[in-house]
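This report describes helix packing and enclosed space in one protein model. The sequence and the structure are shown first, and the account follows.

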Amino acid sequence: MTIEQPLPRALSPSRLQDFQACPRRYQYASIERIPQPASYATAKGRFVHYVFEHLYQLDAPERVIERAREFVTPAIDEILTEQVRLDLEMDDAMLARLLSETEAIIVTYFEMEDPRDVHHEGVELRLNVTIDGAPLLGILDRLDRDVDGDLVIVDYKTGALPNRNFDAKTFANTELYAALCEEKLGERPTKIRLLYVAHGQAVERPVTEVVVRARSTAAATAWGRINEFYQDGAFPATPSINTCRFCAYRDRCRDSGVAVPL
Ligand code: SF4
């Protein structure tokens, strides 16, 4: 069997997570590029990221809450495309809810930190590097330079607070970002800050050499397996209640003969 579509040129942390959860999901999402319908949660996440990205493109003294609010209207045009509105079956009530939750997040965020005091090295920073033969791509929400002169990876989270018993999973993507920073910039960030902007809480973790090495090795191993499955022409499905529950490809997968749990 041969897969007609080409392999993606790079592996991102979120696609790596897809692959590690279920190789078939990676095939559908990254190789066949079958669109996944937008959800309210992903649309809200993109909406809020848009506002913060543009806020941080302003000079530091201008990063005040009134300026942040100015980016909400452009976000409606940019993020809430016709397709997204269709996917969400968005009506006036849903839009009002989104705007109200976004306003609450902006207010909460400004209670967490003062953006005028933030020194960053990049916003929506795109890092493309090859590590151990694996072409990797990460787009960092923000890369800060803290008061001690160290690099800090900052990632905005609009969802629920994480269970701290699963920090390895919570920090998986950002720890791979740290590996990308070290490779690209020649400097390893010392810390990761996940800003749970709907809750006003920052969840932090130091970055260690051991963790960076482990994340790089896991990504390189996965890339090797992706290439093997691609050559074989088949990415195996690994169904389970947890992996399939939120998968956009449940029907397609079931139709292909996989025993997807109900
Ligand atoms: S439905 Fe389950 S088995 Fe099928 S692609 Fe999605 S996660 Fe994999």
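Axes are lines fitted to C-alpha atoms, for helices over the stretch in contact, and angles run from 0 to 180 degrees between N-to-C directions. The model is predicted: local features need pLDDT of at least 70, side-chain atom pairs count only at pLDDT 80 or more, and totals for chains, interfaces and linings use all residues. Residues are numbered from 1 along each chain as its sequence is written, and side-chain values use heavy atoms, with hydrogens and water left out. Helices (H or I, at least four residues) and strands (E, at least two) are DSSP runs, numbered from the N terminus.

**Helix packing**

Two packed helices are described by the angle between their axes and the distance between the axes. The table gives these values for three pairs.

| Pair | Angle and axis distance |
|---|---|
| H1 and H2 | about 140 degrees, 5 Å apart |
| H1 and H9 | roughly 130 degrees, within 9 Å |
| H9 and H10 | about 95 degrees, 9 Å apart |

Angles under 35 degrees count as roughly parallel, over 145 as roughly antiparallel, 65 to 115 as roughly perpendicular and the rest as oblique.

H1 and H2 pack at an angle of about 140 degrees. H1 is therefore oblique to H2. In their contact (heavy atoms within 4.5 Å), Arg15, Asp18, Phe19 and Ala21 of H1 meet Pro23, Arg25, Tyr26, Ala29 and Ser30 of H2. These contact residues comprise five nonpolar, one polar and three charged. For such counts, Ala, Val, Leu, Ile, Met, Phe, Trp, Tyr, Cys and Pro are nonpolar, Asp, Glu, Lys and Arg are charged, and the others, Gly among them, are polar.

H1 (residues 13-21) also crosses H9 (residues 172-185) at roughly 130 degrees. H1 is therefore oblique to H9 as well. On the H1 side, Pro13, Ser14, Leu16 and Gln17 meet Ala172, Asn173, Leu176 and Tyr177 of H9. Here the contact holds five nonpolar and three polar residues, and no charged ones.

H9 packs in turn against H10 (residues 209-232) at about 95 degrees, so H9 and H10 are roughly perpendicular to each other. Ala172, Glu175, Leu176, Ala178, Ala179 and Glu182 of H9 make this contact with Val211, Val212, Arg215, Ser216 and Ala219 of H10. By class, seven are nonpolar, one is polar and three are charged.

**Cavity and pocket**

On a 1 Å grid over the protein atoms alone, a cavity is a set of points where a 1.4 Å probe fits but cannot get out, and a pocket is an open set with protein on both sides within 12 Å along at least five of seven lines; lining residues have an atom within 4 Å of a point. Grid points are joined across faces, edges and corners, and a volume is the space filled by probe spheres set on the points.

The structure holds one cavity of 30 Å³ or more. The largest cavity encloses about 100 Å³. Its lining includes Cys22, Arg24, Arg25, Tyr28, Cys244, Cys247 and Cys253. H2 (23-31) contributes the most, with three residues, while H2, H11 (241-245) and H12 (250-255) each supply at least two. The lining has seven nonpolar, two polar and three charged residues.

The second largest pocket has a volume of about 200 Å³. Among its lining residues are Glu113, Asp117, His119, Asp144, Arg145, Lys191 and Arg193. Strands S2 (134-145), S3 (151-157) and S4 (191-196) give two or more residues each. By class, this lining has four nonpolar, one polar and seven charged residues.
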